[in-house]
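Thank you for asking me to look over this model. My comments are set out as numbered points, to be read alongside the sequence and the structure.

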Amino acid sequence: QPAEALKSRPDAVPFPSQQNLHVYISEHEHFTDFNATSALFWEQHDLVYGDWTSGENSDGCYEHFAELDIPQSVQQNGSIYIHVYFTKSGFHPDPRQKALYRRLATVHMSRSKCFSAARTHCLGGQHPGSLQAV
C-alpha cells in the first residue's frame, strides 16, 4: 500500500495532509505572473495527500481539460511552459505574498512544450505538414 510506505519516511510530506494545486500556463520559463487570471489554468484546493480514493473515479486522480489559444509567437518555434505548484493548504505559490508564502510549504515543477510551424521540429526532427507539437 503506497500510503503505508509514505508514513514511514521522515522526510516525506506529512500523511495525510491537505494540499492545494495551482497550474499556470506561460511563455516564460521562470514564472512570476501569479496575478494574471489568464495564466491560471487549474486550481484545486484541499487535496488530501495520500488519499487514493477521491476523485471522479475514486482512484485518487483528478483531470482538467480546456482548450488553449496558442499565441502566434509560440506557433513560430516558440515554447510554452506549464508550471505546477503544490502548496500546503492555506499557502500560496507567489513568494511576493509574504503572509501566504512559505518556501518549505511549496513544491514547483515545470515542463515545456515546443511548437514549430516549419518542416523541422524545434528539437531537430523532420516533420512535413503544418503545426507540430513536440
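The points below go from the overall chain to two individual residues.

1. Please keep in mind throughout that this is a predicted model. The protein chain is made up of 2 helices and 5 strands, and, when it is followed along the sequence, these elements appear in the pattern α-β-β-α-β-β-β.

2. Of the 134 residues in the protein chain, 28% count as buried. The surface that the protein chain exposes comes to about 9100 Å², and carbon and sulfur atoms supply 52% of that area.

3. As for how the protein chain contacts itself, if one takes the contacts between residues at least 6 apart in sequence, 55% of them join residues at least 24 apart.

4. Two backbone angles deserve a look, given that most residues other than glycine have a negative phi. Asp-46, which lies in strand β2 (residues 40-49), has a positive phi, near 60 degrees. Is this residue, Asp-46, buried, partly exposed or exposed? With a relative accessibility of 43%, Asp-46 counts as partly exposed, because that class lies between the 20% limit for buried and the 50% limit for exposed.

5. The other angle belongs to Ser-58, which is not a glycine and yet has a positive phi of about 55 degrees. Ser-58 sits in the loop between β2 and α2 (72-75), and its relative accessible area of 49% makes it partly exposed.

Notes
Residues are numbered from 1 along each chain as its sequence is written. This is a predicted model: local features need pLDDT of at least 70, side-chain atom pairs count only at pLDDT 80 or more; totals for chains, interfaces and linings use all residues. Side-chain values use heavy atoms; hydrogens and water are left out. Helices (H or I, at least four residues) and strands (E, at least two) are DSSP runs, numbered from the N terminus. Buried means under 20% relative accessible area, exposed over 50%, partly exposed in between (1.4 Å probe, protein chains only). Contact means heavy atoms within 4.5 Å. Accessible areas come from the Shrake-Rupley method with a 1.4 Å probe; for residues, only the protein chains shown count as cover.
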